[in-house]
Each structure stands twice: as structure tokens, then as C-alpha cells.
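Welcome! Let's take a friendly walk through a structure together, starting with its strands and ending with how its chains meet. Keep the 3D view open as you read.

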2 protein chains.
Amino acid sequence: MDGKKRAVVLLSGGLDSATVLAIARSQGYEIYALSFFYGQRHVWELDAAKNVAAALGVTQHRIAEIDLRIFGGSALTDEEIDVPKGRAMDEMTHSIPITYVPARNTIFLSFALAWAEVIESSDIFIGVNALDYSGYPDCRPEFIEAFEKLGNLATKAGVEGRLRLKIHTPLIALTKAQIIAQGVKLGVDYGLTSSCYDPSPAGEPCGECDSCLLRRKGFRENGMEDPLRYRRGGF
Amino acid sequence: MDGKKRAVVLLSGGLDSATVLAIARSQGYEIYALSFFYGQRHVWELDAAKNVAAALGVTQHRIAEIDLRIFGGSALTDEEIDVPKGRAMDEMTHSIPITYVPARNTIFLSFALAWAEVIESSDIFIGVNALDYSGYPDCRPEFIEAFEKLGNLATKAGVEGRLRLKIHTPLIALTKAQIIAQGVKLGVDYGLTSSCYDPSPAGEPCGECDSCLLRRKGFRENGMEDPLRYRRGGF
């Protein structure tokens, strides 16, 4: 191992994780980016993840295939459940939406932990946010702390004292507008990212799902134009 | 949901998990058995898992495909690392072997948690054992407790108080001989199970890896014959 510290960065291809990747790089980490094909209907985000990884510069980018459709239970993995559209801000931030995927962040962090152990890294970055999605249980600080504790008990590297797991959540207390402002400062090209839960077959964002609405609000609050073209609602 | 309690049982197809499944059934649970194809070289165990599930009677059996080969770092998923053979009992139980798969039980339990949430179950059964494999960090009681805490913070069902996760580890303090004795009492046909880390292409167990050696010792201590035919070492 050379001197540079390595970090596993969970990269969905969305606005948040692209910003997290840029933050980890700016802190001097060598980046091992990890994405998932989990049967999500918004599989366009994986192309976005590849483009973001290439643009920001990573040491390795791996896509793990894990089919969460075998369990169902979420609008993101079950074609028979509709993605909610046009919800009010209050409605989307104060209850757990149907777009919640059971145990998803637990699964993602478990894979990140495995890779971190193999590459002898103690650092995992994840773009969870407790403000915009206060409804998602696995985006809260107490969940992250519990996973850190687990990770140190779970691994050979942890038990032998070589790994002291730190899960970095640089966005956890930021608004979407603050996240965008920070990413722009770090040179993130948000035109490469993909946030929509329900894009058209050609990858065009719907403009009306919770994720699109929050993103567009974030750009508006910065007095900026979102570089993406939306199916509905213009800029 | 009807009155019968549901449990997710992690079923590898080995001796331990078959016994756990029988125990869960004997406690009155409806069984949702979960196996993994994770790139293991001993993929024969998945056939064993199907046969065990069919013989013991389960409500559903799912096999999740998750390719842990993308990370490497274990003799079980990397063809270039040899499975150790003919080790002394002391050697195999007092250090973490190369057959350790980084974060494997964390990953398996994460998937079990996802399924448990979808089927509205609070009960996960796993055949970890802290005696025979004291070297595996993710087989210890403190790891299991940490995962229970995490699971209750991680899920919508946990946050809403509908799920109070209990991870059952009925084998954790048993010797292999005691596990076998209990399984025999519950009618487990160990001829259906597969324990070897390095079976022949035809599925024949090697007889010499840590897992074969521990298993054979367990049968010997019960004064029983292992119903499996080994490549080496006879009965």
C-alpha cells in the first residue's frame, strides 16, 4: 500500500453521491467507487454513475449486481407500484414513502464494508441526508453510528485492529441547495447526474417525483438552472 | 397475515443451517428460506439447500445472486487462493482462516432483514457458531447483538414499531457433535447437506478442508457415520 488513503464511495449516479465523491477527492482520498444494479427502474442512474466516475477521476469503479426485486415491497423495484408524483414538500419529507427500499442502505454499506476490508481502507463515504428525506430510517445519524459499530465487530480487519471504520456522511445536515452549492464549488458537472425515480425509456427525468422536485427546488434556491432537461415543468 | 409467525432462515445447504431450519420449524415458524449464490467455489451447496428446503418443508425458498467475486480476498471466492487442507483442530479454531469471506454475514443478514421487512417478520435464524469457528469475527454474539440494534434502526418497520428484530442463533454455543445430535432428533437428513469448501466437480466432498474435518469429527463423537461419501479418508 502506498501513502495515499483509500476510500470506498457509494455512487448512485445521483446529485448527492456525485457531490460526495467530489468531497472525498478534495480530502485527498483515492476513490474506489461502488454502484449497484439492484433491479431499480431508474437504471439510467448507472450510466450517470459511470460518467460521474470518469469525469471526477476514480481509481476503480465497480457495479455490484444484486437483485432486490426478489423481495419486492418498493416502488423503485416493483413495476406494479406507482412512483408518487407532484407531492407537496411537507408530504414527502415527513413520512416514509413507497419509494423506500427495504434495508437498502444496510445492504449497500455491507458491500462497501467488504470492499473496504479487501483494499485495506477504513473509510466509507455515503450521501445520506437527514433533512430532505427525514422519512428514510436508514439515512439517520443513529443508523450510521450503529453501522460503524457493527462494521468494526464484523470484519477480520476490525477485530485485528487494522480497520477502524469511519462512515463519512458529509451531506447529512445539508439542504439540497447547500449540497449543490458545495458541488459546484468542487467542479461537479450536474448535467452528468441522474436523480429521477421514474425516467422515460430514453432517460429523461419526469420532473414530478419527489427526487426531481427536491432537486429542482435546490437549483432554484441557488438561483441556478438545473442542466437537466425535464419531461414536464420546464426549468 | 394469518396467525402463524414467519421467520427468515439463512440456508447455505450445510449441516449447520439445515439444523437451524429444523429448529425454527420445531418452534412453529413458517419458514422463508434464503440462500445466496455469491460466487462460491462450493456451489454444490445450493443444490443441497434446495433439497434441504424441500425435505424439511418451507413456505418459500429464494436464492439471491450477489457476486462477491468482484471484491476477492477469500479462498472461497477466489480460484487463485487455495483452500487449506489437513489442518490441526487447534490451528483452524484459533485464527481467522483464508476461507473467511469479508463481511459475508453482514451482507447475508442485510438481505434477510430486507425480506423480513417485506413479509412482516421480526425473526431471522442464522447458524453461526462461536466454538468451532472462533476465528470468524461475524460469528460472535457481540456481532449478532450489534446487527439486531442496527436492524431496528434501519427499517421502516423497525422505526414504526412493527418489527422488533430478533436474530436467533440456536447453534452459537454448541459443538458440532451437539448440533448433529439435535438435528438427528428433529429428523434432519444430513445426507442432503453439503459442507465441503472444495468439492470435486461432481460435488464429492474433499474430506480434508476445515469444514469437512469438523463435520467428520462431529459425527465420530456421536458414534455415528456421516452419510456423505468423501473423496479422501473414507469414513
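A good place to begin is A:L34, which stands opposite A:R62 in strand β3(A). Please keep in mind that this is a predicted model. From that pair of residues we can work outwards to the neighbouring strands, then to the nonpolar core, and finally to the place where chain B touches chain A.

**Strands side by side in chain A**

- Six bridges join β2(A) to strand β3 of chain A, residues 60–65, and these two strands run parallel.
- To get from β2(A) to β3(A), the chain crosses through helix α2, residues 44–56 of chain A, and this β-α-β crossover is right-handed.
- On to another pairing: strand β1 of chain A, residues 6–10, is joined to β2(A) by five bridges, and the two run parallel.
- Within that pairing, A:R6 stands opposite A:E30 of β2(A), and A:A7 stands opposite A:I31 of β2(A).
- A right-handed β-α-β unit is made by β1(A), helix α1 (residues 15–26) of chain A and β2(A).
- Strand β1(A) also pairs with strand β4 of chain A, residues 123–125, through three bridges, and the two run parallel.
- In that pairing, A:V8 has A:I124 of β4(A) as its bridge partner.

**How enclosed are these strands?**

- Of the eight residues of β2(A), residues 30–37, six are buried, so this strand is largely enclosed by the rest of the structure.
- Strand β1(A) has four of its five residues buried, so β1(A) too is largely enclosed by the rest of the structure.

**A look inside the nonpolar core**

- How many residues does the largest nonpolar core have? It has 133 residues, and those with the most contacts inside it are A:V9, A:L21, A:A112, B:V9, B:L21 and B:A112.
- One of these, A:A112, is found in helix α4 of chain A, residues 104–118.
- Is A:A112 buried or exposed? A residue counts as buried when 20 or more other C-beta atoms lie within 10 Å of its own, and A:A112 has 28 C-beta neighbours inside 10 Å, so A:A112 counts as buried.
- Leaving aside neighbours within four places in sequence, A:A112 is in contact with A:V8, A:L10, A:L34 and A:I124. You have already met A:L34, opposite A:R62, and the bridge partners A:V8 and A:I124.
- A:A112 and A:K166 are 54 residues apart along the chain, and their C-alpha atoms are separated by 12 Å.
- Over in chain B, B:V9 touches B:V20, B:L21, B:A24, B:I31, B:Y32, B:A33 and B:F125, not counting residues up to four places away in sequence.

**Two loop residues with a positive phi**

- Most residues other than glycine have a negative phi, and that makes the next two residues worth a look.
- B:A103, in the loop between α3 (89–93) and α4 of chain B, has a positive phi, near 60°.
- With 31 C-beta neighbours inside 10 Å, B:A103 counts as buried.
- B:E120 has a phi near 60° as well, a positive value in a residue other than glycine, and is found in the loop between α4 and β4 (123–125) of chain B.
- Is B:E120 buried or exposed? The cut-off for exposed is 12 or fewer C-beta neighbours within 10 Å, and B:E120 has 12 inside 10 Å, so B:E120 counts as exposed.

**Where the two chains meet**

- On chain B, 37 residues are in contact with 37 residues of chain A.
- The elements of chain B that give two or more residues to this side are β3 (60–65), α4 (104–118), α5 (141–154) and α6 (156–159).
- Which element gives the most? That is α4(B), with nine residues.
- The residues on this side of chain B divide into 23 nonpolar, six polar and eight charged.
- Chain B can be laid on chain A by a turn of 180° and a shift of 0.0 Å along the axis, with an RMSD of 0.0 Å. That is the relation of a two-fold axis.
- Among the residues of chain B, B:I66 comes closest to the rotation axis, with its C-alpha at 2.5 Å.
- The interface residues of chain B are, to 100%, also interface residues in chain A, so the copies meet through the same surface.

Notes
Residues numbered from 1 in each chain as written. Chains lettered and ligands numbered in written order. Predicted model: local features only at pLDDT ≥ 70, side-chain atom pairs only at ≥ 80, totals over all residues. Contact = placed C-beta atoms within 7 Å. Nonpolar A, V, L, I, M, F, W, Y, C, P; charged D, E, K, R; others polar. Least-squares fit on C-alpha atoms with pLDDT ≥ 70 in both. Core = buried A, V, L, I, M, F, W, Y, C linked by C-beta atoms within 7 Å. Pairing = 2+ DSSP bridges. Right-handed = clockwise from strand over helix to strand, strands pointing away.
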